[in-house]
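I opened this notebook to keep track of what I look up in a structure that is new to me. I begin with the whole chain and then turn to single strands and residues.

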Amino acid sequence: LDGSAGLFTDILLTAGTERQSARRPIYAARSTILVTGPDATIALHPANEPGLRATYILDYGLNSPISRQIFTLDVTPESYARDLARCRTFCTEAEARAMKAIGLAPHLRFADTLVFGARGPIDNALRFADEPARHKTLDLIGDLALCGFDLAGHVVAYRSGHTLNAEMSRRLVAEADAEEIRRVA
């Protein structure tokens, strides 16, 4: 595919939804839950109202071809489909060349993926000016969905990736188990 969740989202939307008889549990932290890694953090802050807000701060440093970006979204099925689903994964030209050198994805061209060179995307165009931060938000929401329950609050991630996101998911499951998942109405 194109490195986004767009086609999967289209298929699911085409299939439609069916109301379930049971309510899905919603976890809302009583206090901030923080997970840190080397040069990265992710935190879930308590909810002031129902729903999940996600903020991603993307920062590859001063010499990166990808500019610093911040993206925030109040997460709903509609906002997910409109603002995140079509945001593609990305890498720098140096990362793409390193992957090719070890034989990963030999059939892909830069035009098939979102590769950033010194002047921006190579042989491609951004779908959103902040597409990399949006894609990282897409990753974040997908990784947190592994918890098996919805979240209420504001999740803020700085430079996190799948590994730290998964660690946060494990931590949230442990916290929710200890609290027997509080519902937010």
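**Notebook: the whole chain, then its strands**

I looked first at contacts, where contact means heavy atoms within 4.5 Å, and found that among those in the protein between residues at least 6 apart in sequence, 69% join residues at least 24 apart. I note that this is a predicted model, in which local features need pLDDT of at least 70 and side-chain atom pairs count only at pLDDT 80 or more, while totals for chains, interfaces and linings use all residues. Residues are numbered from 1 along each chain as its sequence is written, and side-chain values use heavy atoms, with hydrogens and water left out.

**Overall form**

I looked up the elements and found 5 helices and 9 strands in the protein; helices (H or I, at least four residues) and strands (E, at least two) are DSSP runs, numbered from the N terminus. Read from the N terminus on, their order is α-β-β-β-β-β-α-β-α-β-β-α-β-α.

I then checked the dimensions: the C-alpha atoms fill a box of roughly 50 × 40 × 30 Å along the principal axes. The radius of gyration is 18 Å, which agrees with the value near 16 Å for a compact globule of 185 residues; the radius is taken over C-alpha atoms, and the globule rule is 2.2 Å times the number of residues to the power 0.38.

For burial I noted that 39% of the 185 residues are buried, where buried means under 20% relative accessible area, exposed over 50%, and partly exposed in between (1.4 Å probe, protein chains only).

**Strands β2, β3 and β9**

I followed strand β2 (residues 33-37) to strand β3 (residues 40-45) and found them antiparallel, joined by 5 bridges; two strands pair if DSSP finds at least two bridges between them. β2 and β3 form a hairpin with 2 residues between them, and Asp39 in the turn has a positive phi of about 60 degrees. Beside this turn I noted Gly37, which stands opposite Ala40 in β3.

On which strand does β3 pair over 5 bridges in the antiparallel sense? I found that the partner is β9 (residues 150-158), where Val156 stands opposite Ala43.

I stayed with Ala43, which has its place in β3 and is buried, with a relative accessible area of 7%. Leaving aside its neighbours within four places in sequence, I found Ala43 in contact with Thr32, Ile33, Leu34, His154, Val155, Val156 and Met168. Ala43 and His154 are 111 residues apart in sequence, yet their C-alpha atoms lie 8.0 Å apart in space.

**Strands β6, β7 and β8**

I turned next to an open sheet of 3 strands, which stand in the order β6-β7-β8 with mixed pairing. β6 and β8 (120-121) are at the edges, each with a single partner strand, so one side of each is left without a neighbour in the sheet. Strand β7 (residues 114-117) pairs with β8 in the antiparallel sense over 2 bridges, and I noted that Phe116 has Pro121 in β8 as its bridge partner.

Is Thr92 buried or exposed? I found Thr92 in strand β6 (residues 90-92), and at 11% relative accessibility Thr92 counts as buried. Leaving aside its neighbours within four places in sequence, Thr92 is in contact with Pro65, Ile66, Val115 and Phe116.
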